[in-house]
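Trainee: Could you walk me through the charged side-chain contacts in this protein? I would like to see how each answer is reached.

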Amino acid sequence: MSTDLFCEIIAGARPAHVVSADEVAVSFLDTRPVFKGHVLVVPRLHVETLADLADVGPFFSRVQAMARAVEEGLEAAGTFVAMNNRISQSVPHLHVHVVPRNRKDGLRGFFWPRTTYESAQEAETYAAAVAKALAAE
C-alpha cells in the first residue's frame, strides 16, 4: 500500500472533511480550495494516473454524482471538473477536482496558455498520431 497523503485519508490515518466514501471512491474537501466547497474525488485503490485506473466507469459515476451534488448542495450555477496526470499533480494519486462555479466568480479561463496549429495539415498529423496510439490499445 502506498503512503501518499490521499491513501492516508482513505485509511483514516489523516483527518479530512469527507463528503462521501464507498468501495470505489472517497471524496473530501480540498484543504486549499479554489472556492469553498471544492471537492476532491479519489479512487480508493491507489493509482497515480487515469491511464492506471482499470475500471473508469464506476469512478467517473462518482465524479458525475459529485458534480451534481456540488451544484445542488451549494446552489452553484455549475462546476469546474479537472484532473492532472503527473504534471502539476500535487499528490501522486489520481484525483478529480470538482469546483463550484458561479457567474462572475473571478475565475477566468483556463490555467494554461492556448496555442494554435500552423495549418489544418499539422492538426491532422496530431489527430492521426493520437488515433494511432488509441488503436494500438
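**Salt bridges and their surroundings**

Mentor: Let's start with one arginine: Arg101 has a relative accessibility of 22%, so it counts as partly exposed. Keep in mind that this is a predicted model.

Trainee: Which side chain meets Arg101 in a salt bridge?

Mentor: A salt bridge needs a Lys or Arg side-chain nitrogen within 4 Å of an Asp or Glu carboxyl oxygen. For Arg101, the N to O distance in the pair is 2.6 Å. The partner is Asp105.

Trainee: How many salt bridges does a search of the whole structure find?

Mentor: Glu8 and Arg14 form one of them, at 2.8 Å from N to O. Arg62 and Glu23 form another, at 3.3 Å. Searching the whole structure gives a total of four.

Trainee: Is Glu8 buried, partly exposed or exposed?

Mentor: Buried means under 20% relative accessible area and exposed means over 50%. Glu8 has 24%, so it falls in the middle class. Its salt-bridge partner Arg14, at 37%, is in that class too. The word for Glu8 is partly exposed.

Trainee: How many residues apart are Arg62 and Glu23?

Mentor: The side chains of these two meet in a salt bridge. The pair links distant parts of the chain, with Arg62 in helix α2 and Glu23 in the loop between β1 and β2. Their separation is 39 residues.

Trainee: Which residue is linked with Glu23 and Arg62 in a network of salt bridges?

Mentor: Within this network, Glu23 is exposed at 62%, and Arg62 is partly exposed at 24%. The residue linked with them is Asp22.

Definitions and conventions. Residues numbered from 1 in each chain as written. Predicted model: local features only at pLDDT ≥ 70, side-chain atom pairs only at ≥ 80, totals over all residues. Heavy atoms only, no water. Buried < 20%, exposed > 50% of the residue type's maximum accessible area, 1.4 Å probe, protein only. Helix = DSSP H or I, 4+ residues; strand = E, 2+ residues; numbered from the N terminus.
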